[in-house]
Amino acid sequence: MKAAKCAFYSIVAVFFMVSIAAAAGNAERGKVLFSDAKLSGSTTGNSCNFCHPNGRGLEESLEKKEWKLMGKKYNKIEDAINIFIEKAMHGRPLDPNSQEMLDLIAYIGSLKKQ
């Protein structure tokens, strides 16, 4: 019985760790999306990389608690990313919980200066 409990909890722990890893973004995929001029239906022909070559200016973005953009305050990085997708790229906002959003956030996080 003890061995069965131990095995059960081990399986649950592995499943939990895999779930967390799957929920985390992938910076490499995020970098590709960052340079995608068609991200989320963008119609301008520009990507995030157009205004932020190699992520320039975004190095400390994940450290912020709020973003002031176009006269408004936003408390989430997902909202800030979506404002740029909508206003600068004329695209549709991403679902804040989507893999694309997680990947973009992971890429932006990878830009932090060491």
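Let's start with S61, which sits in the loop between α3 (48-51) and β1 (67-69). Keep in mind that this is a predicted model. S61 is a handy way in, because at 6% relative accessibility this loop residue counts as buried, the cut-off being under 20%. From there we can look at the whole chain, its core, its largest pocket and a few residues in α4.

**Two residues from one loop**

- Which residues does S61 touch, once neighbours within four places in sequence are left aside? S61 is in contact with W67, I77 and I108.
- K65 is found in the loop between α3 and β1 too.
- Is K65 buried or exposed? K65 is exposed, because its relative accessible area is 72% and the cut-off for exposed is over 50%.
- Not counting residues up to four places away in sequence, K65 touches Y74 and N75.
- K65 and N75 are ten residues apart along the chain, and their C-alpha atoms are separated by 6.1 Å.

**The overall layout**

- The protein has five helices and two strands.
- If you read along the sequence, you'll meet them in the pattern α-α-α-β-β-α-α.
- The protein has 114 residues, and 29% of them count as buried.
- What about contacts between residues with a separation of 6 or more? In the protein, 57% of those contacts are between residues 24 or more positions apart.

**The largest nonpolar core**

- How many residues does the largest nonpolar core have? There are 21 residues in this core, and F34, L39, L69, I81, I85 and L104 are those with the most contacts inside it.
- The elements that give two or more residues to this core are α2 (27-34), β1, α4 (77-87) and α5 (99-110).
- Take L39 as an example: leaving out residues up to four places away in sequence, L39 touches L33, C48, I85, M89 and L104.

**The two sides of α2**

- In α2, the residues G30, L33 and F34 are buried.
- Why do G30, L33 and F34 share a side of α2? They cover an arc of only 100° around the axis, which puts them on the same side of α2.
- Here's the general idea: an α-helix has 3.6 residues a turn, so residues three or four places apart point the same way.
- On the other side of α2, you'll find E28 and V32, which are exposed.
- What do the buried residues of α2 pack against? They pack against α3 and α5.

**Inside α4**

- The buried residues of α4 are I77, E78, A80, I81, N82, I83 and I85.
- What covers these buried residues of α4 includes β1, β2 (72-74) and α5.
- A80 lies in helix α4, and this residue counts as buried at 4% relative accessibility.
- Which residues does A80 touch, not counting those up to four places away in sequence? A80 touches W67 and L69.
- A80 and W67 are 13 residues apart along the chain, with their C-alpha atoms separated by 6.7 Å.
- N82 is found in helix α4 as well, and N82 is buried, with a relative accessible area of 7%.
- Leaving aside its neighbours within four places in sequence, N82 is in contact with P93, L94 and M101.

**The largest pocket**

- The volume of the largest pocket is about 380 Å³.
- The pocket is lined by 22 residues, and H52, L58, A80, I81 and F84 are the ones that lie nearest its centre.
- You've met two of those names before: A80 is one of the buried residues of α4, and I81 is among the residues with the most contacts inside the largest nonpolar core.
- Which elements each supply at least two residues of the lining? They are α3, β1, α4 and α5.
- With five residues, α4 gives the most to the lining of the largest pocket.
- What is the lining made of? The residues divide into 15 nonpolar, five polar and two charged.

Methods:
Residues are numbered from 1 along each chain as its sequence is written. This is a predicted model: local features need pLDDT of at least 70, side-chain atom pairs count only at pLDDT 80 or more; totals for chains, interfaces and linings use all residues. Side-chain values use heavy atoms; hydrogens and water are left out. Helices (H or I, at least four residues) and strands (E, at least two) are DSSP runs, numbered from the N terminus. Buried means under 20% relative accessible area, exposed over 50%, partly exposed in between (1.4 Å probe, protein chains only). Contact means heavy atoms within 4.5 Å. A nonpolar core is a set of buried Ala, Val, Leu, Ile, Met, Phe, Trp, Tyr and Cys residues joined through side-chain atoms within 4.5 Å. On a 1 Å grid over the protein atoms alone, a cavity is a set of points where a 1.4 Å probe fits but cannot get out, and a pocket is an open set with protein on both sides within 12 Å along at least five of seven lines; lining residues have an atom within 4 Å of a point. Grid points are joined across faces, edges and corners, and a volume is the space filled by probe spheres set on the points. Ala, Val, Leu, Ile, Met, Phe, Trp, Tyr, Cys and Pro count as nonpolar, Asp, Glu, Lys and Arg as charged, and the others, Gly among them, as polar. The arc is that of the directions from the helix axis to the C-beta atoms.
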